[in-house]
Amino acid sequence: ISDRKEKFRMGIYEVNISDTTGAGDSFIAGFIYGLLNNWDLVTCSKFATATAAHCIQSDGATSGIIQADEVLKFIKNQDPDGLQISFMNQVITKKIV
């Protein structure tokens, strides 16, 4: 993921996949939610990744969609130490909750 200021690779949440329908849409929705909350690019990406990861655990495009506070709980439960991010050739860990 990149913008004019930074470029990085985001890790994934390893979850049981039921159906990937809606994964891209939920990623974009999570990313836009972060932008609307004035989060930085890394935090938007992490939230978007968690939103998509939760979505693919259910059948259908919308059955895995949850409220933002539930996404944050998912992040905290799945990733208590922070999601690993490769940023300009160095690995960092970033927590948003």
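Modeller: A helix is here a DSSP run of H or I with at least four residues, a strand is a run of E with at least two, and both are numbered from the N terminus. The model is predicted.

Biologist: In what order do the elements of the protein chain run from the N terminus on?

Modeller: The protein chain contains three helices and three strands. Read from the N terminus on, their order is β-α-α-α-β-β.

Biologist: What share of the 97 residues of the protein chain counts as buried?

Modeller: A residue is called buried when its relative accessible area is under 20%. Among the 97 residues of the protein chain, the share that passes this test is 36%.

Biologist: What part of the contacts with a separation of 6 or more joins residues 24 or more positions apart?

Modeller: A contact requires heavy atoms within 4.5 Å. Taking the contacts in the protein chain with a separation of 6 or more, the part that joins residues 24 or more positions apart is 66%.

Biologist: In which helix is Cys55 found, and is Cys55 buried or exposed?

Modeller: Helix H2 covers residues 41-55, and Cys55 is found in this helix, H2. The C-alpha atoms of Cys55 and Ile17 lie 9.0 Å apart, although 38 residues separate the two in sequence. Because its relative accessible area is 0%, Cys55 of H2 is buried.

Biologist: How many of the residues of H2 are buried?

Modeller: H2 has 15 residues, and its first and last C-alpha atoms are 21 Å apart, close to the 21 Å expected at 1.5 Å a residue. The helix is mostly covered. Of its 15 residues, the number buried is 14.

Biologist: Which residue has a side-chain oxygen that reaches the backbone nitrogen of Val42 at the start of H2?

Modeller: A polar contact is a pair of N or O atoms within 3.5 Å. At the start of H2, the backbone nitrogen of Val42 has such an oxygen within 3.0 Å, and the residue that supplies it is Asp40.

Biologist: Which residue in the loop between H1 and H2 has a positive phi although it is not a glycine?

Modeller: The loop in question joins helix H1 (23-36) to H2. The residue is exposed because its relative accessible area is 71%. Its phi is about 60 degrees, and its name is Asn38.

Biologist: How is H2 oriented relative to H3: roughly parallel or roughly perpendicular?

Modeller: The axes of H2 and H3 come within 9 Å and cross at roughly 95 degrees. Angles of 65 to 115 degrees count as roughly perpendicular. Therefore H2 is, relative to H3, roughly perpendicular.

Biologist: Which class supplies eight residues to the contact of H2 with H3?

Modeller: On the H2 side the contact is made by Lys46, Phe47, Ala50, Thr51, Ala53 and His54, and on the H3 side by Ala68, Val71, Leu72, Phe74 and Ile75. By class, two of these residues are polar and one is charged, while the eight others are nonpolar.

Biologist: How far apart in space are Ile75 and Lys46, C-alpha to C-alpha?

Modeller: Ile75 belongs to helix H3. It is buried because its relative accessible area is 0%. Ile75 and Lys46 both take part in the contact of H2 with H3. In sequence they are 29 residues apart, and their C-alpha distance is 8.6 Å.

Biologist: Which residues does Gly30 contact, leaving aside neighbours within four places in sequence?

Modeller: Gly30 is part of helix H1 and is buried, because its relative accessible area is 2%. Its C-alpha atom is 7.8 Å from that of Ala52, which is 22 residues away in sequence. The residues in contact with Gly30 are Cys44, Phe47, Ala48 and Thr51.

Biologist: Which residues does Thr49 touch, not counting those up to four places away in sequence?

Modeller: Thr49 is a residue of helix H2. Because its relative accessibility is 11%, Thr49 counts as buried. The residues it touches are Met10, Gly11, Ile12, Tyr13 and Phe27.

Biologist: How does Ser58 count in terms of accessibility?

Modeller: Ser58 sits in the loop between H2 and helix H3 (68-78). Its C-alpha atom is 9.2 Å from that of Asn16, 42 residues apart along the chain. Because its relative accessibility is 21%, Ser58 counts as partly exposed.

Terms used: Residues numbered from 1 in each chain as written. Predicted model: local features only at pLDDT ≥ 70, side-chain atom pairs only at ≥ 80, totals over all residues. Heavy atoms only, no water. Buried < 20%, exposed > 50% of the residue type's maximum accessible area, 1.4 Å probe, protein only. Axes fitted to C-alpha atoms, helices over the stretch in contact; angles between N-to-C directions. Parallel < 35°, antiparallel > 145°, perpendicular 65-115°, else oblique. Nonpolar A, V, L, I, M, F, W, Y, C, P; charged D, E, K, R; others polar. Expected span 1.5 Å × (residues − 1). Polar contact = N/O pair within 3.5 Å; in protein donor to acceptor, adjacent residues only side chain to side chain.
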